[in-house]
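Here is a quick tour of one model, taken a piece at a time. Have the structure open as you read.

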Amino acid sequence: MRITAQMAETVSETNASSLLANETTSNATATANVTGRAAATPEGLATAYCSLVVLAIIPIVIGSIRSIAYQKAAKKKAQANGEDVEKMTTKDVAMFPVIASGALLSLYLFFTIFSKEYVNLLLSIYFFALGTVAVASLIEPIVKPFVPAFLQPKTMYQLQLTETKVDEEKKESDAAEKATGLLFYFKCTRVDLACLFVSALFGIWYVWKKHWIANNVFGFSFAIKGIEMLSLNSVTNGFILLGGLFLYDVFWVFGTDVMVTVAKSFDAPIKLIFPMDILEHGIYAKNFSMLGLGDIVIPGIFIALLLRFEDSRRPGSRLYFRATCVAYFFGLVTTVLVMHFFNAAQPALLYLVPACLGVPSLVALVKGEMASLLKYEDHPSEEKEKDKEKTT
């Protein structure tokens, strides 16, 4: 889908909003039973847990690979326009747990004061719009190669929202209105519109039925786009963010009931869910386990950063990426086992953060690349670029 700079910025911000909302709501439940009913059979329980682990790995791999091309394109476009690439600063990542805590408390108060049915209705409308765009942007590159050339005309459709200022002195003239800013600019082809239509059908299905498959289609799209588009910029920022959210997750899960209360009230596609009674009831099953998108996207954007680090030094190398993906897998499996053994919700980042930070650090120490790893930046400043050129 052809999205201009303004639209791309909007999509990036909304993905970040989804990530923040997810961090404040669904992390605590990890793979907990949403409905509170026991799994029908041990086989159904094992099927649900294994499926969630696999479903978590897939968007990390896809989003990380897509992030290489996306970040290169973002840098090239920013240089052409004489702008800075949108990225997280050290201040942003340090404040993230604080902002997440404030958002979590706000949601807790909303669900306490207002009926959760009305709150979730508003959230459904919001995520319908956001999910439609996210799904369409993912399926368009897949669909387009199979569309015949004659069905891909060069005609573009545009939607534009501008801000204008009225000159009172020239009220009656044609020059009375002067555009002062472009708020929204979206252009697409017929193929893009067809993709939007198909993704809107998924959105309608989700809003109408809240089916778990529709939920996962949206959740998958959010996770992939979030990992692809969000840039921590530096490995140091990644350590700060994951360390801060490690403390955030542990405090709000073990220290209070706020996280779990909000997670059980928050009905939005910011989690991946899988039925534990699917063997008995098929796709109409109702007894779910779930994994919050924050437990996928937060480690995912760090894993994607490691992949870009390797690509910048040795294109085609995947050692850090593969090792950290394996570490994430075992961290998530540990979360599931602990949750099942103690029969209580677990903060997944308690197990994922040490795994995702420890393994690449160990690899860097063994290879003697710790200094290079910590100095790496996706989009260094001009001064650092010049220093790098001098050293090389």
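## Two loop residues with positive phi

K210 has a relative accessible area of 29%, so it counts as partly exposed, the range for that label being between 20% and 50%. Keep in mind that this is a predicted model. K210 sits in the loop that links α5 (190-209) to α6. Its backbone is worth a look too: the phi of K210 is near 50°, a positive value in a residue that isn't glycine.

N233 is another non-glycine residue with a positive phi, this one near 75°. You'll find N233 in the loop between α6 and α7 (235-255). Is N233 buried or exposed? With a relative accessible area of 6%, N233 is buried, since the cut-off for that is under 20%.

## How α6 meets α10

Between those loops runs helix α6, residues 212-229. It packs against α10 at an angle of about 35°, and the two axes are 8 Å apart. The crossing of α6 past α10 is right-handed.

Which residues make the contact? On the α6 side they are A223, G226 and I227, and these meet I296, V297, G300, I301 and A304 of α10.

## The cores

I296 turns up again in the largest nonpolar core, a set of 81 residues. Along with F127, L232, L241, F266 and Y328, I296 is among those with the most contacts inside that core. Helix α10 (residues 294-313) is the top contributor here, giving 11 residues.

Another core, made of seven residues, lies apart from this one. Its members include F186, V191, C195 and L196.

## A covered strand

Now for the strands. β3 (residues 271-275) and β4 run antiparallel, joined by five bridges. In this pairing, I273 stands opposite M290 of β4.

β4 itself covers residues 288-292, and five of its five residues are buried. Both of its faces are covered: F288, M290 and G292 are on one side, while S289 and L291 are on the other.

## Helix α12, end to end

How does the span of α12 (residues 349-367) compare with what its 19 residues should give? At 1.5 Å a residue the helix should span 27 Å, and its end C-alpha atoms are indeed 27 Å apart, so the two agree.

Plenty of α12 is tucked away, with L349, Y351, L352, V353, A355, C356, L357, P360, S361, V363 and A364 buried. Just past the end of α12 comes G368, with a positive phi of about 70°.

Key: Residues numbered from 1 in each chain as written. Predicted model: local features only at pLDDT ≥ 70, side-chain atom pairs only at ≥ 80, totals over all residues. Heavy atoms only, no water. Core = buried A, V, L, I, M, F, W, Y, C linked by side-chain atoms within 4.5 Å. Buried < 20%, exposed > 50% of the residue type's maximum accessible area, 1.4 Å probe, protein only. Helix = DSSP H or I, 4+ residues; strand = E, 2+ residues; numbered from the N terminus. Expected span 1.5 Å × (residues − 1). Pairing = 2+ DSSP bridges. Axes fitted to C-alpha atoms, helices over the stretch in contact; angles between N-to-C directions. Left-handed = near helix turned anticlockwise from the far one by under 90°. Contact = heavy atoms within 4.5 Å.
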